[in-house]
Every structure is written in structure tokens, then in C-alpha cells.
Amino acid sequence: MGEKRKSLRFGLMINSLTVEHWQYDTIKLLMDNGMKLSLIIQNNDSGTNHSILDKIKHYPFRRLLFRIWNRFIFNPRSKSPADLTQITEDIHTIFCKPIIKGISTYFEEVDIQEIRNQNLDFILRFGFDIVRGEVLNVAKYGIWSFHHDDERIIRGGPPGFWEFMRKIPNNGVILQRLTNDLDKGIILKRVNFKTILHSYKAHLDQLYFGAEILPLQVCNDLIYNNELKEELSSSDARIIHPPTNIKMIEYFIKSVTRRVSFHLNDLFRQEDWNVGYCMCSIEDFINSNKDTIDIQWFKKPRKNCYFADPFVINTKKDTYIFFEWYSYYNGKADLAVALKSEKFEKYHKISSFKEHRSYPYIFENEGIIYCMPEAHKTNQLVLYKFDEDNLSLEKDSILLNGFPIVDATLYHHENKWYIFLVNQKNSHTHLEIYHSDNLKGPYVPHKNNPVMIDCSKARPAGKLFNYNGKTIRPSQNCTNHYGQEIYLENILEISDSKFITEFHSTIIPLDKSNYNKGIHTINSDANITVIDGKRFIFTISGLKQQLKQKIRK
């Protein structure tokens, strides 16, 4: 796609210098990362003056409730006004009065030529409604626009609204290069979020803020990899319009009932995880009929605790299963280990940190057993040495710090160490990679973090492993709920600027097990495979912890 460059020149289509918060963030991200804003194309259309009688005659009264609610009541943070004046005061601006034909917006030839003279790489559209015609071709890589729905399912709008109303479990977002087809352009990036069904406001904030990095990521693909990945949309989904008054009444009822149900469910239905193991390799586990596998489940000492996140390692001395031991009474987890020499029947706590610990990633390197647990409340990722004699951890080094790191997973490939992780702020959707030439760092971020935004496969679910010559990364599918199933993908390419994968298979919860409502970790060593499973119970301790969390919020 042309010569590799350190920066791209872009233009901005806006209706005014006051934009929505998420739009401001998107522009600022581009500028802060070296992209040069070279032109502002501002809408100079003052609109047509109609008489009051004409306005009343043509007013869409069947959508009156939506218009009142959307203009005066609905106030998500992502849509709050933000002023572009300070960051655009020296930017060349042209004021264009578009030609309106039906629902389409066209540009005068003189304006098209002036825009073309700026030699822009792309234009980001945050105004001018439905743009069509020759202006679509004035920038090298076209005009880019967001559509906060999966265009294969929903075209039109409002963004994310119909996913919420119809209980569609996931909400796609695309960044597209505009064509003359409405919400059916050339797809540049496609990402996927879990639909927040108890709050449309929270859901829309998630969509807007979560996807604001997409234009920068497309720029990085052009700069570092000299490529523009394009997917031609062939959607035949019908275009959906804003809700009628009847639908808005339905929306208000659903918002209230779902919110109440959500909080009651949190209070009276707690997750109860447990660790299970079977004497087989991970390959045999994947290929077998899961209902015939002999899973041995740990025997928990109390009802108000659970075991999860198992890892297994075989050493010369013993075979160990490491896991998270969570207490509803304390509201946090410690790390624990079970030994094969004790038939995995005794559970030894190996940590007593003030903060929560989980996901005890265990591995061996140069004869030393290391543990790299999750401790997101400390804003650090710490490497510990494991003492087999005393069943204890000794702090070794800090690998990363400065943000809440969740489920960090190591991968050693071609003399490089890669850490896969998610940030607690986007723990189900945004996968990030950090890399180093040495195990103990320093680690630097991938050039296009987050490398993946997808609620169905971002969050790590255990160690990477080899399967028939392929490198498989387990991840959590959190589309319908946390721990829905494990998604396995084959890593095709990984570097400091690329990450390409393909689907391999999924592992669903064991249907005939007592813990058949979820699974979110799998690991294997020495022909022992460990998993976890979920069910739901009620405990007084769990109720108290949920109440505390809701009061804090």
C-alpha cells in the first residue's frame, strides 16, 4: 500500500468544533501518536427555514418519545460535549455547504478540488450525515466512518440500541471506508463487545470508548506493516430506524426490570468454581468425548469459598496443581497448591497477600520454577520463585507496572518473550501484548495494542500449547457470561507489530458435571490436564460481599 511512513495526514469532517467526548478522544489519540491533522472540513449548511406549520406537519410524532429522551434525558459520558478549538486552532479549515439530495450529502466540485489539493491519506467523518459521490475518493485511503453495530445484523441505528432491545449477546463495531452504500462500506476494522443488557447507557459508553482506538490501529497497520486490511461488506440486513413511541415505552420497562433483575441476581446467585483434573494429555482431552472423561474434582473445605484458575507443572520432585483459593468471607483470593504425592487431596496455601491474587501462571526456566500470578489491585506484574521444599513464593522481579494487569500469560517464541494480558478496565475485550528479549524484561508494548478487541476471545485462559504442529492460545469467551466457554485459536504470526490468528475449536463446560455452567481455564503437563468449572450457589458471605461492592460503587 505504498511507501512506509512515520505519519499519516488526515482530515476531519465535522458539523462544528463542538463534538462528542468519544470523538474528541479519537482525534486526540491520532494526533498524540504522530498522525497529522491537516484539514478541517466544516459543515456550513444553516439548514432550510421552514414555517412552523410545515415543521408541525412533517414532524415525526410517532418517534416523539425517542426525540425528547435522546435530546433532553439521555446523557452518557461518551456523548458529552467536547471543544476542539484548542487542538485545532492552527489547522487549515474550509467551510462547505453540501448539496442535499434526499438523505444523501454531496459536495461541490470546487470543495472537492480543494480537499484533494491537501494530499490527505484519509478523512475521518464525524459530521455531514450520509456522504456520497466523488468526495469519497479525494483522500488516498478514503473517508473513514464508525458504525457502532455489526452491519451484517443491524444497519441504521441508534448505535447499540437494537442489540440492547433484542437481547443480542454481542455488539459488533466497525470502522469502514465509506462507499455509496449505506452502512455497507469497505470494512477496515471489526471488533466485538458483550452487550450490557441491564444498562443501555453503560453499553453505549462501552461501544464508543472501547472502539475509539480503531482509526489509530489502521494507521499503525499502514505505517508498520505497510498494509491495509479491507473486507468488502456483503450485508443484506435491512436498515432499522429509531424507535417509535411504543418501542420507547417498551425500552423504559425493560431498562427498569433488567436493572432490578441484574442486582438481585448478583446478590442471591454467586459463582461457585472448582478445579478438576484428569489423567490425560491436553490433546486427548480436546479430541475426546468430554462426557466420558473421568474428571476428579477437588473437595472444597467450605461452602463460602471456591477454587479456580488451575495450572499444573511436573518437576523432578513432584507434580503440582496451582490454583486460586477465593473466600467470599474475606472478599479476596490467595494462591494454593496440591501435590500428586498427596493424591491432590491436601490444599496448601502459598500466599497471604493483603490484595487479591489469582491465575498462578507457573513455568520452569533454566531449572528455576517461577510463578507469575495476577495481582491487578497492585498495578504490577511480579515474578516469584517457587520453593518446592517450603511450598512458598519468593519475590524475584517486577515485569510490568503502572496499570491493573489481569491473567498475564507468557509465550517464548524465536528468542523473544511475549506477555499476553488484559487491562482490568477492559478485561473481557481488549487483548494486549508486551515483549522483551529477556524473561525479566524490560518489556515494551506491541506497536498496535490492543491487538484484539473481542469479547469472545480476548481474555487469556491458560498456557499456550502445541497441537499437531500448531501453537494454540486458549482464551475466554465472555459473550453471554463470564466463563461461557474456552476459545482455542491458532497463532499464525506474531511480531512486535503483527498478531494474526485463526479459529481452531472451542471447549464447552462439561454437561454431565456438577460444574456445568462455565469453564475458563485449561492447562496440561505430564499427561495431566486441569480445568475449572462453574455452578451457582447462595451464601450469606457472598451476599455481604456483593452488598459491599454495590455500596462502594
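The following dialogue considers several helices, strands and residues of a predicted model.

Reader: Where is D221 found, and why is it called buried?

Author: D221 belongs to helix 8, which spans residues 214–225. Its relative accessible area is 6%. Buried means under 20%, and D221 at 6% is therefore called buried.

Reader: What makes the pair D221 and N448 a polar contact?

Author: The side chains of D221 and N448 are joined at 3.2 Å. The cut-off for a pair of N or O atoms is 3.5 Å, and the value of 3.2 Å for D221 and N448 lies within it. N448 is also listed among the residues in contact with D221, together with K189, N226 and E227, when neighbours within four places in sequence are left aside.

Reader: Why are helix 1 and helix 8 called roughly parallel?

Author: Two packed helices are described by the angle between their axes and the distance between the axes. For helix 1 (residues 21–32) and helix 8, the axes come within 8 Å and cross at roughly 25°. Angles under 35 degrees count as roughly parallel, so helix 1 and helix 8 are given that description.

Reader: Which residues make the contact between helix 1 and helix 8, and how do they divide by class?

Author: Helix 1 contributes T26, L29 and L30, while helix 8 contributes P215, L216 and C219. By class, the residues of this contact are 5 nonpolar, 1 polar and no charged.

Reader: What makes helix 9 oblique to helix 11?

Author: The axes of helix 9 (residues 245–268) and helix 11 (residues 540–552) come within 7 Å and cross at roughly 135°. Roughly perpendicular covers 65 to 115 degrees, and roughly antiparallel begins over 145. An angle of roughly 135° falls into neither range, and helix 9 is therefore oblique to helix 11. On the side of helix 9, the residues that meet helix 11 are F262, H263, D266, L267 and F268. Their counterparts in helix 11 are L543, Q546, L547 and K550. This contact of helix 9 with helix 11 has 5 nonpolar, 2 polar and 2 charged residues.

Reader: How do you know that strand 26 and strand 27 pair?

Author: Strand 26 (residues 405–413) and strand 27 share 7 bridges in the antiparallel sense. Pairing requires at least two bridges, so the 7 bridges between strand 26 and strand 27 satisfy the requirement. One of the bridges links V406 with V422 of strand 27. The two strands form a hairpin with 2 residues between them, and E414 in the turn has a positive phi of about 50°.

Reader: How is strand 27 joined to strand 28, and how many residues of strand 27 are buried?

Author: Strand 27 and strand 28 (residues 430–436) run antiparallel and are joined by 6 bridges. F420 has I433 in strand 28 as its bridge partner. The hairpin from strand 27 to strand 28 passes through 6 residues. As for burial, 7 of the 8 residues of strand 27 (residues 416–423) are buried, and the strand is mostly covered.

Reader: Why are strand 31 and strand 34 said to stand at the edges of their sheet?

Author: The open sheet has 4 strands in the order 31-32-33-34, with antiparallel pairing. Strand 31 (465–467) and strand 34 (499–507) each have a single partner strand, so one side of each is left without a neighbour in the sheet. Neighbouring strands of this sheet are turned by 45° against each other on average, direction ignored. Strand 33 (residues 485–494) pairs with strand 34 over 8 bridges in the antiparallel sense, and I494 stands opposite F499 in strand 34.

Reader: Why do D334, R302 and K354 receive separate descriptions of exposure?

Author: Buried means under 20% relative accessible area, exposed over 50%, and partly exposed in between. D334, in strand 20 (residues 332–339), has 10% and is therefore buried. R302, in the loop between strand 17 and strand 18, has 41% and is therefore partly exposed. K354, in the loop between strand 21 and strand 22, has 76% and is therefore exposed.

Reader: What joins D334 to K332, and what separates D334 from K354?

Author: The side chains of D334 and K332 are joined by a polar contact of 2.8 Å. The C-alpha atoms of D334 and K354 are separated by 9.1 Å, the two residues being 20 residues apart along the chain.

Definitions and conventions: Residues numbered from 1 in each chain as written. Predicted model: local features only at pLDDT ≥ 70, side-chain atom pairs only at ≥ 80, totals over all residues. Heavy atoms only, no water. Buried < 20%, exposed > 50% of the residue type's maximum accessible area, 1.4 Å probe, protein only. Polar contact = N/O pair within 3.5 Å; in protein donor to acceptor, adjacent residues only side chain to side chain. Contact = heavy atoms within 4.5 Å. Axes fitted to C-alpha atoms, helices over the stretch in contact; angles between N-to-C directions. Nonpolar A, V, L, I, M, F, W, Y, C, P; charged D, E, K, R; others polar.
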